[in-house]
Amino acid sequence: MRHKTRTIYVGVLPIGGEHPISVQSMCNTDTRDVKKTLEQIRQLEAAGCDLVRVAVPDKQAVQALKQIVQYSKTPIIADIHFDHKLAVLSLEAGAACVRINPGNIRGRERFREVVLCAKDMKRAVRIGVNSGSLEQDLQDRFGLSTTSIVTSAKRAMEVPEKEGFTNFKVSLKSSNVPLTVQAYLEFARDTDVPLHVGITEAGSEYAGSIRSAVGIGSLLLSGIGDTIRVSLTAEPVREAAAAWEILSAAGVRRRGVEIISCPTCARTEVDLISIAAQVENECKKIESSKLSKITVAVMGCAVNGPGEARTADFGIACGKKCGLIFSHGEIIKKVDEKILVRELMKTIRESIDV
Ligand code: SF4
């Protein structure tokens, strides 16, 4: 069951409550380059991002932000680290939300200023705790631990709560997966604040996706998480793709087709690895809304193949240099390996009318 959180709004996007768990990523372009940043935001929108974050390191970036928010369909979150004045300027420039790291903003009064501005302008704030930049006193007292991460978040929360401002969410990230998961579980125990979930600095696309899947996935399965980001040392669109795979695997939100394929073995008598990759690529070419909730099975032989292919919406179960094509539980034809992908995609396209 999903952990109960209150609903907040980042621009027009509701986060928390019963609302869909949103996907976000962060641009790696220079924010001051409006054209390139908008181009990347559009790529992220197409990849399924509901929210996009951009770093705002100086006043020039604030100027660029004014134009970026104007042309972006997706709500924009400004990422601020040390200078609270940039957070205020970013809100004034039109950012839907500012991300503040309590370990870096240095002082409650400065944070209060940001909160009052967000409250006045009806914007959102993310309190983004990062285990790599915890306040010194917490590090001295508790070291790098769940207690220091959770205390940092709870202490920061006192500022908006004292001002009667509730349109904020919290993240408690670390690159250490068990520590992150523990921190979220502990924090969620006695609060209804919406949670942005992720594993920070998770690594390269391969390793980072696995670490994020373990961390974010286990939290989602515990009902925790209202918005997620997969942090990868890779192009941001890859983060969106990984985030959607995690949401889909956790059974909480689907976008596009779900492909079930077998790992291949000595019984495989076709080039199934290539066939599965081609099917995946071809499905990506179809508008995701047409394919949402559709499963396609790509199976190597008669052992488990027909069973999986029959259960999926569409499927292929291969034999010696050939394969059976299934549609909604029925075998519709047997074709040669060379035309298997083409015929399967033709069947899918005809069935969903694209
Ligand atoms: S479905 Fe068949 S080919 Fe694929 S792994 Fe299982 S037994 Fe092997």
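This report walks through the fold of a predicted protein model, from its overall dimensions to its sheet strands and ligand shell.

Two notes on reading come before the tour. Residues are numbered from 1 along each chain as its sequence is written. Because the model is predicted, local features need pLDDT of at least 70 and side-chain atom pairs count only at pLDDT 80 or more, while totals for chains, interfaces and linings use all residues.

## Overall build

The protein chain holds 14 helices and 15 strands; helices (H or I, at least four residues) and strands (E, at least two) are DSSP runs, numbered from the N terminus. Its radius of gyration is 23 Å, close to the 20 Å that the globule rule gives for 354 residues, so the chain is as compact as a globular protein of that length. Here the radius is taken over C-alpha atoms, and the globule rule is 2.2 Å times the number of residues to the power 0.38. Along the principal axes, the C-alpha atoms fill a box of roughly 70 × 40 × 30 Å.

Of the 354 residues, 46% are buried. A residue is buried if 20 or more other C-beta atoms lie within 10 Å of its own, exposed if 12 or fewer, and partly exposed in between, with C-beta atoms placed from the backbone.

The domain assignment gives domain 1 (8–249) and domain 2 (258–352), with bounds that come from an automatic or database assignment. Taken over C-alpha atoms, the centres of domain 1 and domain 2 are separated by 39 Å.

## The eight-stranded sheet

An open sheet is formed by 8 strands in the order 8-7-6-5-4-3-10-9, with parallel pairing. Its edge strands are strand 8 (168–173) and strand 9 (196–197), each pairing on one side only. Two strands count as paired if DSSP finds at least two bridges between them. Strands of a sheet pair through backbone hydrogen bonds, either parallel or antiparallel.

Strand 5 (residues 76–80) is a good place to stop: 5 of its 5 residues are buried, so this strand is largely enclosed by the rest of the structure. Ile76, Ala78 and Ile80 point one way from strand 5, and Ile77 and Asp79 point the other way. On one side, 4 bridges join strand 4 to strand 5 in parallel, and Arg53 stands opposite Ile77. The chain goes from strand 4 through helix 2 (residues 59–71) to strand 5 in a right-handed β-α-β crossover. Right-handed means that, with the strands pointing away from the viewer, the path from the first strand over the helix to the second runs clockwise.

Strand 5 also pairs in parallel with strand 6 (residues 97–100) through 4 bridges, where Cys97 is the bridge partner of Ile77. That step passes through helix 3 (residues 84–93), and this crossover is right-handed. Strand 3 (residues 22–26) pairs in the parallel sense with strand 4 (residues 51–55) over 3 bridges, and the partner of Met26 in strand 4 is Arg53.

## Strands 11 to 13 and the ligand

Strand 12 (residues 295–299) is mostly covered, with 4 of its 5 residues buried. It runs parallel to strand 11 (residues 258–261), joined by 4 bridges, and Glu258 has Thr295 as its bridge partner. Another 4 bridges join strand 12 to strand 13 (residues 314–318), again in parallel, and Ala297 is partnered by Gly315. From strand 12 the chain crosses through helix 13 (residues 305–311) to strand 13, a right-handed β-α-β crossover.

What surrounds the ligand? The shell (residues whose C-beta atom, placed from the backbone, lies within 6 Å) includes Cys262, Thr264, Arg267, Met299, Cys301 and Asn304. It divides into 6 nonpolar, 5 polar and 1 charged. Ala, Val, Leu, Ile, Met, Phe, Trp, Tyr, Cys and Pro count as nonpolar, Asp, Glu, Lys and Arg as charged, and the others, Gly among them, as polar.

Thr264 and Arg267 both lie in the loop between strand 11 and helix 11. The C-alpha atoms of Arg267 and Ala302, 35 residues apart along the chain, are separated by 8.8 Å.

## Selected residues

| Residue | C-beta neighbours within 10 Å | Class |
|---|---|---|
| Thr264 | 16 neighbours | partly exposed |
| Arg267 | 14 neighbours | partly exposed |
| His328 | 11 neighbours | exposed |
| Ala183 | 25 neighbours | buried |

Thr264 has a positive phi near 70°, and His328 has one near 45°.
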